[in-house]
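The following explanation accompanies the structure shown below. It moves from the aromatic pairs to the overall fold, and then to helix packing and salt bridges.

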Amino acid sequence: MARELELDERLRQAASYVRPHAVFADIGCDHGRLSVYLMQKCMADRGYACDVRPQPLEKARSLIEKKGLTEQITTVLTDGLHGMENKGITDVIIAGIGGEVLAHIIEEAPFLQDPKVRIILQPQSREHILRKTLYRLGFSNEEEQVAACGRFVYPIFVSSYCAAPKELSDYEAYTGLLPQSSSPLAKEKLLKTANTLLEIAYGMKDSLEKQEESARMEALGKQIKQTAEHMQ
């Protein structure tokens, strides 16, 4: 029996949201470790390991073959979710990509606008842009968690289509569901977000053209910091 792969906490937590008997799409699969993990842990019936780059995809194909999973996992050379419309996808997982790129991938895949499809997203940065895009398109985050990996903390979104578009305020876009969490990591993430905003605001103070933006970012940073400090 092939030895099971292990993942870091960030990917392991994201993988835990893929539903039993799913047909998954692992977008930006890199070397295919996440796809193999999902199959080895019996979380899915079958899946697609997708990447826009031929070299990593070839490494994923090699790993999948080595683990004896070529019948269950298909490798696909594609940009985002292009061409995946008729594959019967039930769960999409995209990890380790910037929030702005993630938002573009979701915008370019209208077949995701189906309440039965679950989307698991782990943005590396700019999660506020991703949140705004999801809600504007009619998606809603059912759950948000934070995972630690080394000295970094990363948000994880579990989202689905609800056909109720909403324009998020800046505060909602930067905080999401994290203020409702009792996790110390959620508090840590919000404090990091607040400090980043305050640093950006401070860097704008000397620019006459950016005084208004600086004041807005400072107020937002202070609001988020106060929210985090009041969390248990």
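**Aromatic pairs and overall architecture**

In this predicted model, F139 has a relative accessibility of 1% and therefore counts as buried, the cut-off being under 20%. The structure holds 2 aromatic pairs, and F139 takes part in one of them, with Y161. A pair of aromatic rings is described by the distance of the centres and the angle of the planes. For F139 and Y161 the centres are 5.3 Å apart and the planes stand at 70 degrees, so the arrangement is edge-to-face. Because F139 belongs to strand β6 (residues 139–149) and Y161 to strand β7 (residues 152–161), the pair ties together parts that are 22 residues apart in sequence.

The rings of F152 and Y154 also form a pair; their centres are 6.2 Å apart and their planes lie at 35 degrees, so this pair is tilted. F152 is partly exposed, at 42% relative accessibility, whereas Y154 is buried, at 12%. Y154 has a further partner in R10, which lies over the face of the ring at 5.8 Å from its centre.

These elements belong to a protein chain with 8 helices and 7 strands. For 232 residues, a compact globule would have a radius of gyration near 17 Å, and the 19 Å of the protein chain agrees with this. The C-alpha trace spans about 60 × 35 × 30 Å along its principal axes. Buried residues account for 48% of the chain. Of the contacts between residues at least 6 apart in sequence, 70% join residues at least 24 apart. The chain exposes about 11800 Å², of which carbon and sulfur atoms supply 49%.

Helix α2 (residues 33–40) illustrates the covered part of the chain: 7 of its 8 residues are buried. These are L34, S35, V36, Y37, L38, M39 and Q40. They pack against helices α1 and α3 and against strands β1, β2, β3 and β4. Within helix α3 (residues 54–66) lies E58, which is partly exposed at 42% relative accessible area. The C-alpha atom of E58 is separated by 8.5 Å from that of T75, 17 residues apart along the chain.

Salt bridges provide further links, and the structure holds 17 of them. In one, the side chains of R136 and E107 meet at 2.8 Å, N to O. Since R136 lies in helix α5 (residues 127–136) and E107 in helix α4 (residues 99–107), this pair ties together parts that are 29 residues apart in sequence. Both partners are partly exposed, R136 at 35% and E107 at 37%.

Helix α5 also supplies E127, whose side chain meets that of K189 in a salt bridge of 2.9 Å. K189 lies in helix α7 (residues 184–204), and the two residues are 62 apart. Here K189 is buried at 12% relative accessibility, and E127 is buried at 9%.

A salt bridge between K132 and D170 has a distance of 2.9 Å, N to O. K132 lies in helix α5 and D170 in helix α6 (residues 170–175), so the pair ties together parts that are 38 residues apart in sequence. K132 is partly exposed at 30%, as is D170 at 28%. Together with E213 and R216, they are linked in a network of salt bridges.

Finally, S214 is found in helix α8 (residues 211–229). At 3% relative accessibility it counts as buried. Leaving aside residues up to four places away in sequence, S214 touches A201, M204 and K205.

Key. Residues are numbered from 1 along each chain as its sequence is written. This is a predicted model: local features need pLDDT of at least 70, side-chain atom pairs count only at pLDDT 80 or more; totals for chains, interfaces and linings use all residues. Side-chain values use heavy atoms; hydrogens and water are left out. Rings of Phe, Tyr and Trp (its six-membered ring) pair if their centres lie within 6.5 Å; planes under 30 degrees apart count as stacked, over 60 as edge-to-face and the rest as tilted. Helices (H or I, at least four residues) and strands (E, at least two) are DSSP runs, numbered from the N terminus. Buried means under 20% relative accessible area, exposed over 50%, partly exposed in between (1.4 Å probe, protein chains only). A charge sits over a ring if NZ of Lys or CZ of Arg is within 6 Å of the ring centre and within 35 degrees of the ring normal. Contact means heavy atoms within 4.5 Å. The radius of gyration is taken over C-alpha atoms; the globule rule is 2.2 Å times the number of residues to the power 0.38. Accessible areas come from the Shrake-Rupley method with a 1.4 Å probe; for residues, only the protein chains shown count as cover. A salt bridge is a side-chain nitrogen of Lys or Arg within 4 Å of a carboxyl oxygen of Asp or Glu.
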